[in-house]
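Here is a small set of exercises with worked solutions. Keep the viewer open and try each task before you read on.

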Amino acid sequence: MCSTILSLDHIGLKSSGDCILKGISFNIEKGEKIVISGPSGSGKSTLLKIIGSILSPTEGRILYKNQSIEAIEPTKYRKEVSYFFQNASLFDQTVRDNLSFPYLIRGETFSEEKARGYLEQVKLQSTDLDKPIKELSGGEIQRVALIRNLLFEPELLLLDEITSALDQKNSEIILAMIERLNREKGKTILMVTHDQKQIAKADRLICLMDGRLEEAI
């Protein structure tokens with residue numbers, strides 16, 4: 001680990017008078033793979049959404065590369081810090097429509113070669129690029145959505161129980177790609193999971209209980 005990529009400083013969230021999160025502070029080092037665990041309702045997904053700038057904290061601050069995320073243009077931040085939902089969805093008509101979208105918003109030419117290569121990495125056919133999304137299974141949708149998030153390789157990937165609704169085969173395919181990104185390319189991973197295998201492989205475990213940091217190992 002060579003540098004701190006993200007710092008949480010006493011992050012808290014209150015909603016309708018209820019305390020959802022309180023006093024959450026920790027650093028994430030570049031290249032780390034960290035698992036956030038804890039019982040249902042402990043605030044894990046809420047914390048991940050705050051880090052992904054989907055929700056705003058009512059207390060504390062977050063620094064990304066030593067700069068407050070409030071001072072960073074949201075689109076720029078989300079290109080580097082990518083949040084991947086538990087039940088990802090696709091849009092428009094085909095796989096191509098989805099995989100060309102990250103290029104479109106950046107004003108760049110779509111790379112079919114790169115997209116086809118990623119499809120093969122997640123055990124799909126390169127010819128699936130023009131497959132209608134209505135013909136994809138749930139596991140295939142999750143894999144295509146993951147590729148959409150990864151084509152421009154974000155610095156920090158936020159994963160919210162992304163395999164909890166998948167069968168073992170699809171889970172293993174997706175987690176193998178995440179592992180490669182972390183170990184071979186040094187991408188930073190912060191993931192919410194109850195999977196004991198992923199917890200065992202993590203560099204660090206952060207445990208939440210009732211919206212508070214219970215333990216950091």
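**Exercise 1. Work out what share of the chain is buried, and how compact the chain is.**

Step 1. Of the 217 residues of the chain, 48% are buried, where buried means under 20% relative accessible area, exposed means over 50%, and partly exposed lies in between (1.4 Å probe, protein chains only). This is a predicted model, in which local features need pLDDT of at least 70 and side-chain atom pairs count only at pLDDT 80 or more, while totals for chains, interfaces and linings use all residues. Residues are numbered from 1 along each chain as its sequence is written, and side-chain values use heavy atoms, with hydrogens and water left out.

Step 2. Count the elements: the chain has seven helices and 10 strands. Helices (H or I, at least four residues) and strands (E, at least two) are DSSP runs, numbered from the N terminus.

Step 3. The radius of gyration of the chain is 17 Å, close to the 17 Å that the globule rule gives for 217 residues, so the chain is as compact as a globular protein of that length. The radius is taken over C-alpha atoms, and the rule is 2.2 Å times the number of residues to the power 0.38.

Step 4. For the dimensions, the C-alpha trace spans about 50 × 40 × 35 Å along its principal axes.

Step 5. Among contacts between residues at least 6 apart in sequence, 71% join residues at least 24 apart. Contact means heavy atoms within 4.5 Å.

**Exercise 2. Describe how helix α3 (residues 95-106) packs against helix α5 (residues 138-150).**

Step 1. The two axes are 8 Å apart, and the packing angle is about 20°. Axes are lines fitted to C-alpha atoms, for helices over the stretch in contact, and angles run from 0 to 180 degrees between N-to-C directions.

Step 2. That angle makes α3 roughly parallel to α5. Angles under 35 degrees count as roughly parallel, over 145 as roughly antiparallel, 65 to 115 as roughly perpendicular and the rest as oblique.

Step 3. The crossing of α3 and α5 is right-handed: a crossing is right-handed if the near helix is turned clockwise from the far one by less than a right angle, and left-handed if anticlockwise.

Step 4. On the α3 side, Val95, Asn98, Leu99 and Pro102 meet Val144, Ile147 and Arg148 of α5. By class, these residues are five nonpolar, one polar and one charged. Ala, Val, Leu, Ile, Met, Phe, Trp, Tyr, Cys and Pro count as nonpolar, Asp, Glu, Lys and Arg as charged, and the others, Gly among them, as polar.

**Exercise 3. Now treat α5 and helix α6 (residues 168-185) in the same way.**

Step 1. Their axes come within 9 Å and cross at roughly 15°. This makes α5 roughly parallel to α6, and their crossing is right-handed.

Step 2. From α5, Gly139, Glu140, Gln142, Arg143, Leu146 and Leu150 meet Asn170, Ile173, Ile174, Met177, Ile178 and Leu181 of α6. This contact has seven nonpolar, three polar and two charged residues.

Step 3. Look at glutamine 168, also in α6. Glutamine 168 is exposed, at 57% relative accessibility.

**Exercise 4. Find the orientation of α3 and α4, then place phenylalanine 110.**

Step 1. The axes of α3 and α4 are 11 Å apart, at an angle of about 120°. The two helices are therefore oblique to each other, and the crossing is right-handed.

Step 2. Val95, Arg96, Leu99 and Tyr103 of α3 make the contact with Glu112, Lys114, Ala115, Arg116 and Leu119 of α4. The classes are five nonpolar, no polar and four charged.

Step 3. Phenylalanine 110 sits in the loop between α3 and α4 (112-121). Beyond its neighbours within four places in sequence, phenylalanine 110 is in contact with Arg96, Leu99, Ser100, Tyr103, Ala115 and Leu129.

**Exercise 5. Decide how enclosed helix α1 (residues 44-51) is, and check three phi values.**

Step 1. Six of the eight residues of α1 are buried, so α1 is largely enclosed by the rest of the structure. The buried residues are Lys44, Thr46, Leu47, Leu48, Ile50 and Ile51.

Step 2. After α1 comes serine 53, with a positive phi near 65°.

Step 3. Histidine 10, in strand β1 (residues 4-15), has a positive phi near 50°.

Step 4. Aspartate 210 has a positive phi near 55° and lies in the loop between β9 (204-209) and β10 (212-216). Aspartate 210 is exposed, with a relative accessible area of 63%.
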